[in-house]
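Student: Could you take me through one part of this model closely? I would like to see how a single helix sits among its surroundings, and then what lies around it in the chain.

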Amino acid sequence: MDTVMNDTQPDVTESLCPVCLRRIPATRLLLGDEVFQDKTCEEHGSFRTLIWRGEPSMAEWRRPKAPVHPEICYGTVDRGCPFDCGLCSTHEQMPCSVLLEVTDRCNLQCAVCFADAGHGETDDPSLEKIATLLERAMAAAGPCNLQLSGGEPTLRDDLPEIVAAARRIGFSFIQLNTNGLRLASDRNYADRLSAAGLSSVFLQFDGVDDGIYRTLRGRALLEQKLRAVRNAGEAGLGVVLVPTIVRGVNSDAIGAIVRQALQLAPIVRGIHFQPVSYFGRFSELSGGGDRVTLPELMRCLEAQTGGLLKVADFSPPGGEHAHCSFHATYLYSADGGLRPLGATSGDSCCTADCGGGGIRKTVDTVSRRWKLPSNRPPLSEQTACCCGSSADAVRVEGVLDLDVFLREVATRSFTISAMAFQDAENLDLERLRGCCISVISTDGRLVPFCAYNLTGRDGRSLYRGAVNQGVREDIA
């Protein structure tokens with residue numbers, strides 16, 4: 001989006017009707033300091049959804065980039081975006097991450113769930129089927145990051161074998177999306193995953209108050225979350241905390257989550273905030289005015305941490321569309337201080353050339369930030385930092401010890417990021433075509449995450465479940 005929005009010159013894009021999921025024209029309209037998506041379906045009427053609120057403005061939060069089209073496409077352009085995903089030849093970014101759901105089963109019944117998982121017993125895909133899907137993903141996407149998800153993937157006893165198979169196929173950074181219950185109760189399981197080659201744990205972590213977990217996850221879980229972090233760290237696995245942010249539930253707990261994460265560093269490598277999106281299962285929650293936008297989240301991070309984090313620290317992404325996310329990377333000290341590395345540092349994945357080699361840089365940077373360094377000193381010895389008043393810890397007789405410095409940077413980096421996924425209310429096809437996170441569908445295609453999980457108001461989806469193959473043909 002290169003034009004400046006105002007209330008007389010709206011930005012034109014395309015979206016879907018949230019009722020029938022047909023493609024319809026849409027505009028981005030600036031009213032005061034808020035940006036809304038306006039769209040009208042001939043059959044179901046008009047819809048207006050908040051997509052951005054306040055500073056930094058949506059117009060300035062952008063990172064122009066040349067489109068990069070996939071070389072191997074499992075989708076054929078016929079009905080047009082978003083009905084031909086595979087990826088198709090009109091997609092404008094290569095994947096930096098692919099996600100594979102290894103089970104539909106779950107041991108929680110959360111009020112919010114992308115996958116609407118846990119509805120009775122289903123058959124898990126076999127290890128052979130999973131290997132085939134991973135090989136197809138590798139052929140099309142290359143050695144990008146892999147996320148193993150579900151349902152709850154740790155319900156599979158053979159998950160370490162799946163990790164090992166992914167390693168053999170060529171995935172070097174493998175992340176587990178989990179609620180952490182099994183990691184908390186079964187330390188041996190964490191050891192097996194680490195030995196098999198798991199790189200990192202993406203841990204559902206919504207707050208430091210069990211009232212939050214009762215509302216979002218159905219029961220008190222904080223003690224188990226903390227135990228899962230400890231067991232993962234002892235197994236050599238880095239952890240990223242992943243809060244789903246819902247206004248009025250945990251939107252006031254953002255600063256507390258940051259403080260808790262820093263107390264758990266260096267095992268916890270950072271936090272990846274996800275403002276709630278209205279697809280899958282979201283209980284009585286509804287889209288509209290209660291939506292937490294990215295600029296609001298940035299400002300909450302500054303306000304609720306007393307300025308420890310600042311809005312100025314954050315940068316647009318280098319992989320996905322600029323309006324999908326933000327991130328900042330810091331070095332932390334033993335006294336709780338944080339020093340931003342800055343978007344211009346050599347460790348940043350935010351480059352204008354984010355296709356080809358640029359997307360590989362995004363993959364490498366995420367891997368480096370979220371792994372627990374193998375050459376780190378024992379936890380009991382990690383009290384020095386390479387920044388601030390502790391800088392002398394990396395000097396030997398007044399000379400900078402580069403090896404120690406690099407070890408300290410690797411150990412003491414801490415990343416704050418956020419991803420605003422799209423739902424049927426606010427889907428923007430410009431953003432979708434720039435997506436670099438793909439789900440490996442059950443028939444082996446690569447489908448942008450938001451398209452795969454998209455849910456109409458009547459519960460229909462475009463891609464999730466074999467029955468939906470016909471849905472796209474009916475509504476395109």
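**A close look at helix H2**

Tutor: Happy to! This predicted model contains 13 helices and 18 strands. Of its 476 residues, 59% count as buried. Among contacts with a separation of 6 or more, 69% are between residues 24 or more positions apart. The protein exposes about 18400 Å², and carbon and sulfur atoms supply 50% of that area.

Now to the helix itself. H2 covers residues 159-169, and its buried residues are Leu159, Pro160, Ile162, Val163, Ala165 and Ala166. What do the buried residues of H2 pack against? They pack against two helices, H1 (127-141) and H4 (187-196), and against two strands, S6 (145-149) and S7 (174-178).

The packing with H1 can be described in more detail. The axes of H1 and H2 are 10 Å apart and make an angle of about 35 degrees. The crossing of H1 past H2 is right-handed. On the H1 side, the residues that meet H2 are Leu127, Ile130, Ala131, Leu134, Glu135 and Met138. Their counterparts in H2 are Glu161, Ile162, Ala165, Ala166 and Ile169. Sorted by character, the residues of this contact are nine nonpolar, no polar and two charged. As a background point, an α-helix has 3.6 residues a turn, so residues three or four places apart point the same way. Ile162, Ala165 and Ala166 are listed as buried residues of H2, and these three also take part in the contact with H1.

The two ends of H2 are worth a look at the backbone level. In the loop between S6 and H2 we find Gly151, and the peptide bond from Gly150 to Gly151 is cis, with omega near 25 degrees. After H2 comes Gly170, with a positive phi near 125 degrees.

Other backbone features turn up elsewhere in the chain. A second cis peptide bond runs from Glu55 to Pro56, with omega near 0 degrees; Pro56 belongs to the loop between S4 (45-53) and S5 (97-101). Leu21 is a residue other than glycine with a positive phi, near 65 degrees. Leu21 sits in the loop between S1 (11-16) and S2 (23-31). Is Leu21 buried or exposed? Leu21 counts as buried, because its relative accessibility is 0%.

The strands on either side of Leu21 lead us to a sheet. S1, S2, S3 and S4 form an open sheet in the order S1-S2-S3-S4, with antiparallel pairing. S1 and S4 stand at its edges with a single partner strand each, so one side of each has no neighbour in the sheet. On average, neighbouring strands of this sheet are turned by 30 degrees against each other, direction ignored. The antiparallel pair S1 and S2 is joined by six bridges, and Glu14 has Pro25 in S2 as its bridge partner.

For a strand in other surroundings, turn to S11 (residues 268-275). Eight of its eight residues are buried, so S11 is largely enclosed by the rest of the structure. Strand S9 (residues 238-242) runs parallel to S11 and is joined to it by three bridges, with Val239 partnered by Val268. Strand S10 (residues 244-245) is also parallel to S11, with two bridges between them; here Thr244 has Gln274 as its bridge partner.

Key
Residues numbered from 1 in each chain as written. Predicted model: local features only at pLDDT ≥ 70, side-chain atom pairs only at ≥ 80, totals over all residues. Heavy atoms only, no water. Buried < 20%, exposed > 50% of the residue type's maximum accessible area, 1.4 Å probe, protein only. Helix = DSSP H or I, 4+ residues; strand = E, 2+ residues; numbered from the N terminus. Contact = heavy atoms within 4.5 Å. Pairing = 2+ DSSP bridges. Axes fitted to C-alpha atoms, helices over the stretch in contact; angles between N-to-C directions. Areas by Shrake-Rupley, 256 points an atom, 1.4 Å probe, with all protein chains shown as cover. Left-handed = near helix turned anticlockwise from the far one by under 90°. Nonpolar A, V, L, I, M, F, W, Y, C, P; charged D, E, K, R; others polar.
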